[in-house]
Amino acid sequence: MTMQSLRTTNRPGVAAVLPASLLAVFAMVSPLRADEPYARSRSYDLGHSRIALRFDLERKKVLGDVTHTLSVLRDGTAKIAFDSVGLTIENVTVNKSPAKFETTAEKLIVSLPAAAKAGEKFDVSIRYEGKPTKGMYFILPDKDYPDRPIQIWTQGESEDTRYYLPTYDYPNDRLTTETILTVPASWLTISNGKLISVSDAGKGLKTWDWRETVPSSTYLITVVAGEFDEVKDSWLSLPVTYYAPKGRGDRLSVNYSRTPAMIDLFSKKLGVEYPWEKYAQVMVDDFVAGGMENSSATTNASSSLNHPKIAAEMLTDEDGLISHELGHQWFGDLVTCKDWGDIWLNEGFATFMENVWSEAHYGKDQADYERRQGGREWFSQPNLFDKPIVRYDFDDSSEFDGNAYTKGGWVLEMLRYQLGDDAFYRALKHYLEANRGKNVVTADLAKAIEESSHVNVDQFFSQWLYGAGAPKFDLGYSYDHDKHQILLTVKQTQKVEDHVGIFHVPVNVEITTASGPKLYPITVSKAEQIFTFPADSAPLMVLFDKGGNILKSAEFHKEKKEWLYQLKNGGAFADRADAVSALEKIKNDDEVVSALGNALRNDKFWGLRATAADALGQIASAGASKQLLYALDSANEPWVRYHIVAALGNFKDDSAIAAKLTEIAKVDNSYRARAAALHALGRLKTPDTLATLEAAVSSDSPDGYLRNAALGALGQLGDDKAVPLLEQWSVPGKPIESRTAAIRSLASLEKNNQDITKQIAGYLSEPNFPVRLAAVFSLGGRGDAIAVPALERLLQSDDLSIEMVPMIKRQIARLKKPAATNPPPHNGDGGESAGASASASETSGGSEAVLERLDKLERLVQEMNERLKAFETRLPPARPSSK
Ligand SMILES: [Zn+2]
């Protein structure tokens, strides 16, 4: 699935719309109940399930009748245990005869008539009902949102199908399904596989019959029913459909119409045609993930249904999300990880497939840009470094982490780089064909590569997948004029301990002299090594890992003039971006600033231009501001303009910049730039900011884009005069995204006003998940301990439809801590980087330093958002990282 927490989003100015820092926290939250890391031993094999469901909207109940066809795997099996949580079992039959059964908190155990022999088949029918607290969600209109379309949807991964269906709920079994849904005649339903029929069921009801004939695991079962709009598309003869909550059908094509082109690309690249009977994508409100790759029928968050005007300002639109979930249809659905310890075989591949689409559709630079951002993001989460990708010890964290996704995708890119495209894709084809319809572990991939290419990858797998970390290089070189030689010193500085070792990696070194570039492949394998290369004259440029093909960090000690040369002449994006990163650290240097300004205006790739804008913002000198303002005149692409405007938010006490930002906030061709200007003004706290933000709150923009940005910026501004306005936008009935922004900002104002604390605490009991979540984190950041009883009461409530418990506990702990270790949020939008920022605040000293660091983290998160929005636009549940 896609994860909001890690991948965040690609949405422009999403920071303005979504509580970016809120998302960051999810990665840190541990699940309530750890998933089973190892696959279970099985006593039966589920072959087919016929699942008939009806719904009781009033009581948010599911009424089910399921028949499992299964065969016994072990002689002497007398009982069949199904996973079943919170379901009331009314009746069970085995081969149509009444059967004895018992239930525990987590299981339904059915007695067979007698001890069975291996191979014996049974039909076990279960009639049940339940009010699911997870797995199945009822999104309904209420007094505050009377127009909301009815939506019932499920989310099985990782172990939540059991909350609405008694079944074998672990990936290491596969079954075909028939899903029979009886619903009001005006509704649509979507489930796995082919639609066989829709028939009249009387009393204004219809029965929809879906059949999936390709076996897949139970966490991939999906049931969606409710008031939806549908758009039909196709790829060859394959039906491709898109669904939106009723009334938003006109948003489907603009955001989703590249789907058939992706199916085509992936089928060709992989050499294995799209494996299911159809491909549906259903967008639902309040989804607990960004997207979920149910077999043949993906569910995505409705926030991916961008307003056409906003979509036009997004370079890659929702392609990250769409290609990720589509990639899973092969990797995850057709071939499924056997256990959660091998989840990277699902998520790393889906992340890799995003890159495949980016490279084919937007070009190599774009793919490299996204990959580089991913690498930086991964390095910025130190908790990931010492954990292997393949691991079984995720009791206190989630298996759905940045190792499974980002690093997993990187590992596949490195494999591709080392094997070459031909051998690599031949290996993937063989892996898919050999394991089609099976469950796999990491060794199955190694075996497929070896069988197809005869390349032994044991060492590669050992360090990158079973070992942890990545190389951190310290690099330097000298030129020997007499011998015409370059001596390159390569040190690996990562701390070697536990799972982290010294890496063995092939690296391309490129040396450019006056007579041109020469490429030298070397292999680095020791803690410290010196490599010697011939060079006819002193080098102009020495590149280590040309093109940035290794997941690494590197400190290359070079002179300024070399970095300037590299910025201008580096052929690959990664090499020029490395130069930007190095130059950014040189302060007060006109030559550097002017070179970065030149790159910002003239580089051939927008991503490098944006990177240069970021760097000038970091330098924040008078010269840097001139370069940014100058570039603004010609930078028309919203995705570049956004970076320039955001960078301007770093220049304090500069009235010309404040005036420019105020102007952009009011009038600009780009909504993204305007939203960035509102945030920048909030940070700069200029005298007129309050008026500008208030005006933006009442302005008209697509989906309230500017209003939401301004509501968030009011928290950054920290002016208590904004309280009445924020209170007004926090109340039920206002759009959810405006409310979450307003609530978060409100929490950072009038810290001693207990009425505000009480108002926010009142939102804890709301049914709308994003509002509830915003209230939980806002209260934690606000620091008013009178909120503790309300949060503790929330912990007791039985309608926590998602695993919010660890999040709530964490906020209670924050409130109970002495103020010194719990600094106030620096702004409305950033106060809740709880996970990331709490650890920052615990380790650094003075509050000013803490705030600065929070600010940096906040911007980092915004930047990630910037890049990967579509991705994981979901507001995850307490097990957010697990989707
Ligand atoms: Zn995924």
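**Close-up views of a predicted model**

**View 1. The loop that holds Ser 158.** Ser 158 has its place in the loop between strand E10 (151-154) and strand E11 (175-184), where strands are DSSP runs of E with at least two residues and helices are DSSP runs of H or I with at least four, both numbered from the N terminus. The peptide bond that leads from Glu 157 to Ser 158 is cis, and its omega is near 5°. This is a predicted model, in which local features need pLDDT of at least 70 and side-chain atom pairs count only at pLDDT 80 or more, while totals for chains, interfaces and linings use all residues. Residues are numbered from 1 along each chain as its sequence is written, and side-chain values use heavy atoms, with hydrogens and water left out.

**View 2. Two loop residues with positive phi, Asn 95 and Leu 236.** Asn 95 sits in the loop between strand E4 (87-94) and strand E5 (97-98), and its phi is near 50°, a positive value in a residue other than glycine. Asn 95 counts as partly exposed because its relative accessibility is 39%, given that buried means under 20% relative accessible area, exposed means over 50% and partly exposed lies in between (1.4 Å probe, protein chains only). Leu 236, in the loop between strand E16 (228-235) and strand E17 (238-245), likewise is not a glycine and has a positive phi of about 50°. With a relative accessible area of 65%, Leu 236 is exposed.

**View 3. The surroundings of Asp 342.** Asp 342 is found in the loop between strand E21 (336-337) and H8, and it counts as buried because its relative accessibility is 1%. When residues up to four places away in sequence are not counted, Asp 342 touches Cys 337, Val 390, Tyr 392, Val 440, Val 441 and Thr 442, contact being defined as heavy atoms within 4.5 Å. Asp 342 and Arg 391 are 49 residues apart in sequence, and their C-alpha atoms are 7.4 Å apart in space.

**View 4. The packing of helices H7 and H8.** Helix H7 (residues 319-328) and helix H8 (residues 344-362) pack at an angle of about 125°, with their axes 8 Å apart; axes are lines fitted to C-alpha atoms, for helices over the stretch in contact, and angles run from 0 to 180 degrees between N-to-C directions. H7 and H8 are therefore oblique to each other, since angles under 35 degrees count as roughly parallel, over 145 as roughly antiparallel, 65 to 115 as roughly perpendicular and the rest as oblique. H7 passes H8 in a right-handed crossing, in which the near helix is turned clockwise from the far one by less than a right angle, whereas an anticlockwise turn makes a crossing left-handed. The residues of this contact of H7 with H8 divide into four nonpolar, eight polar and three charged (Ala, Val, Leu, Ile, Met, Phe, Trp, Tyr, Cys and Pro count as nonpolar, Asp, Glu, Lys and Arg as charged, and the others, Gly among them, as polar).

**View 5. The packing of helices H24 and H25.** Helix H24 (residues 705-717) packs with helix H25 (residues 723-730) at an angle of about 130°, and their axes are 11 Å apart, which means that H24 is oblique to H25. The crossing of H24 and H25 is left-handed. Arg 707, Leu 711 and Leu 714 in H24 meet Leu 725, Leu 726 and Trp 729 in H25, and by class this contact has five nonpolar, no polar and one charged residues.
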